[in-house]
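Good morning, and thank you for coming. Today I shall present one structure, beginning with its ligand and then turning to one of its chains.

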Amino acid sequence: MPKVNITVNNNPATGEVEGRTLLSTFLRDIVGLTGTHIGCDTSQCGACVVHVNGDAIKACTMFALEADGATVDTIEGQANADGSLNVIQQAFQDHHALQCGFCTPGMVMSASALLKENPSPSEAEVRKYLEGNLCRCTGYHNIVKAILAASGQEVSAVAAE
Amino acid sequence: MYDFEFEKPSSISDAITLLSSEEAMPLSGGQTLIPALKQRLNAPSKLVSLAGIPELRGVSVNEGGMLEIKGATTHAVIAKQASSHYPALSALASHIGDPAVRNRGTIGGSLANNDPAACYPAAVLASNGKIISNKREINSEDFFQGMFTTALDEGELITAVQFEIPTVANYQKFLQPASRFALTGVFVAKFDSGVRVAITGASENGVFRWSEAEALLSDNFSPSSLDVLTFSTDGLISDLHGTPAYRASLIKTLTKRAVIAAK
Ligand SMILES: Cc1cc2nc3c(=O)[nH]c(=O)nc-3n(C[C@H](O)[C@H](O)[C@H](O)COP(=O)(O)OP(=O)(O)OC[C@H]3O[C@@H](n4cnc5c(N)ncnc54)[C@H](O)[C@@H]3O)c2cc1C
Ligand code: FES
Ligand code: FES
């Protein structure tokens with residue numbers, strides 16, 4: 001079976017895979033990082049969003065072999081070095097941006113890709129960027145608030161509750 | 001999903017050699033193909049990834065003044081790099097799917113797939129575009145041959161796509177929010193030689209030009225020019241998202257909006 005070498009959250013990860021092994025399967029079942037969630041498995045929901053060479057992608061719709069040699073960042077690598085929550089994660093907690101938490105890893109990874117590209121997004125820009133991340137619990141307002149707060153902006157301006 | 005061999009060549013010629021084996025298929029962004037493999041709609045013995053081929057990536061203006069986009073360029077890169085040359089095309093790319101889909105999906109994959117609701121076919125047809133393959137050049141008029149059907153032969157690769165750059169243009173996508181494709185989309189492009197209007201997401205035969213609208217808009221580029229037209233419902237898609245009559249109405253409204261917004 002072919003072998004892949006991927007740097008996951010700054011650590012080398014190696015494994016034997018089949019051609020059809022998805023990156024999401026590699027991360028969860030071979031590397032043992034189950035924070036990358038599988039919601040739909042059809043590239044609709046965004047629960048599986050990780051960064052490959054810095055770009056947000058859906059890990060359920062990429063083969064592990066396509067990521068050979070790449071750098072992958074997952075939710076497990078997001079906390080600060082001392083283990084405390086990073087600014088986006090903390091904002092999610094402060095603004096009650098999660099209920100069951102199933103969508104949260106993907107939301108946080110998408111939010112971090114957005115803030116890297118656009119450090120001070122408008123509410124509309126946040127909503128547009130999250131088009132590929134579905135949440136069945138929160139109704140999105142608190143997620144949008146948390147991301148605006150993480151970008152250092154005033155959040156009381158978000159109208160709907 | 002059935003298993004397959006995975007290959008990642010670094011040149012077009014190596015890719016073509018690999019694709020000549022029985023039941024091999026190209027894999028570009030995988031945003032359409034991987035879901036199809038999961039449903040066992042395809043069962044290739046070998047997937048040939050186009051992601052390691054530098055000559056398949058990039059956006060530039062060629063000597064003839066046409067915008068040339070290499071086949072494995074992602075939607076995200078097109079959104080960024082086409083914006084100064086062809087803003088309407090860049091805007092189209094920036095509204096495909098969602099950011100994660102745009103970071104993987106490519107123009108060559110989209111055109112080869114020719115989904116009846118895809119966005120690029122309308123842009124290519126309205127821009128009098130050409131599909132460049134490893135063997136030949138194909139005019140947009142000849143390339144799109146109905147839903148999910150193109151002029152490509154087995155094992156033939158889209159290496160680039162060329163667009164004539166209009167003086168003004170606009171794409172109006174009426175979003176089907178569940179799939180994030182176009183429920184109906186209209187691309188209007190105005191050239192010195194006349195106006196071209198291409199419609200996606202509406203016809204059972206895939207993307208097409210609306211010649212009556214083109215003639216009227218070429219005479220007078222104003223939304224009111226279209227008031228005299230009624231789009232026939234014959235051959236329009238009927239599904240749970242919209243009746244043929246609804247799509248006919250969308251075609252006219254979106255064409256008007258595109259004329260108003262064109263820049
Ligand atoms: C959630 C979601 C939303 C989307 N929304 C939109 C939308 O709004 N508008 C839109 O237009 N599209 C949309 N798409 C489709 C998206 O644009 C795909 O990226 C695209 O249709 C396929 O491109 P790909 O590079 O992923 O191709 P792949 O999935 O890799 O391949 C698709 C097909 O083309 C073949 N192929 C790939 N590259 C070539 C080539 N260079 N030459 C010959 N054959 C080739 C493959 O063998 C396969 O049969 C969406 C997809 C998803 C998952
Ligand atoms: S599990 Fe990947 S998008 Fe839903
Ligand atoms: S918090 Fe439950 S799906 Fe988002």
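**The surroundings of ligand 1**

Around ligand 1 there are 31 residues, and those that come nearest are B:Pro26, B:Leu33, B:Thr106, B:Lys173 and B:Arg180. Please keep in mind throughout that this is a predicted model.

Where does ligand 1 lie with respect to chains A and B? Ligand 1 is placed between the two chains.

Let us consider which parts of chain B build the shell. Both β2 (24-27) and α6 (107-113) of chain B supply at least two residues each. Helix α6(B) gives the most, namely 4 residues. By character, the shell around ligand 1 comprises 14 nonpolar, 14 polar and 3 charged residues.

I turn now to individual atoms. Two nitrogen contacts involve the backbone: a nitrogen atom of ligand 1 lies 3.2 Å from a backbone N or O atom of B:Gly97, and a nitrogen atom of the ligand is 2.8 Å from a polar backbone atom of B:Ile158. A side chain takes part as well, since B:Lys173 has a side-chain N or O atom 2.8 Å from an oxygen atom of ligand 1. How much of the ligand's surface does the protein bury? Ligand 1 taken alone exposes 970 Å², and 95% of that is buried by the protein.

**Chain A as a whole**

Chain A contains 5 helices and 5 strands. Along the sequence their order is β-β-α-β-β-β-α-α-α-α. The radius of gyration of chain A is 16 Å, close to the 15 Å that the globule rule gives for 161 residues, so chain A is as compact as a globular protein of that length. Its C-alpha trace spans about 55 × 35 × 25 Å along the principal axes.

Of the 161 residues in chain A, 52% are buried. If we take the contacts in chain A between residues at least 6 apart in sequence, 54% of them join residues at least 24 apart. The chain exposes about 7,000 Å², of which carbon and sulfur atoms supply 48%.

**One helix of chain A**

Finally, I invite you to look at helix α5 of chain A, residues 141-150. Is this helix mostly covered or mostly uncovered? The helix is mostly covered, with 8 of its 10 residues buried. Among the buried residues are A:Ile143, A:Val144, A:Ile147 and A:Leu148, and A:Lys145 is buried too. The cover over the buried residues of α5(A) includes α2 (87-94), α3 (104-117) and α4 (123-129) of chain A. Just after this helix, A:Gly152 adopts a positive phi of about 85 degrees.

Notes:
Residues numbered from 1 in each chain as written. Chains lettered and ligands numbered in written order. Predicted model: local features only at pLDDT ≥ 70, side-chain atom pairs only at ≥ 80, totals over all residues. Heavy atoms only, no water. Near = heavy atom within 4 Å. Polar contact = N/O pair within 3.5 Å; in protein donor to acceptor, adjacent residues only side chain to side chain. Areas by Shrake-Rupley, 256 points an atom, 1.4 Å probe, with all protein chains shown as cover. Nonpolar A, V, L, I, M, F, W, Y, C, P; charged D, E, K, R; others polar. Buried < 20%, exposed > 50% of the residue type's maximum accessible area, 1.4 Å probe, protein only. Contact = heavy atoms within 4.5 Å. Rg over C-alpha atoms; globule rule 2.2 N^0.38 Å.
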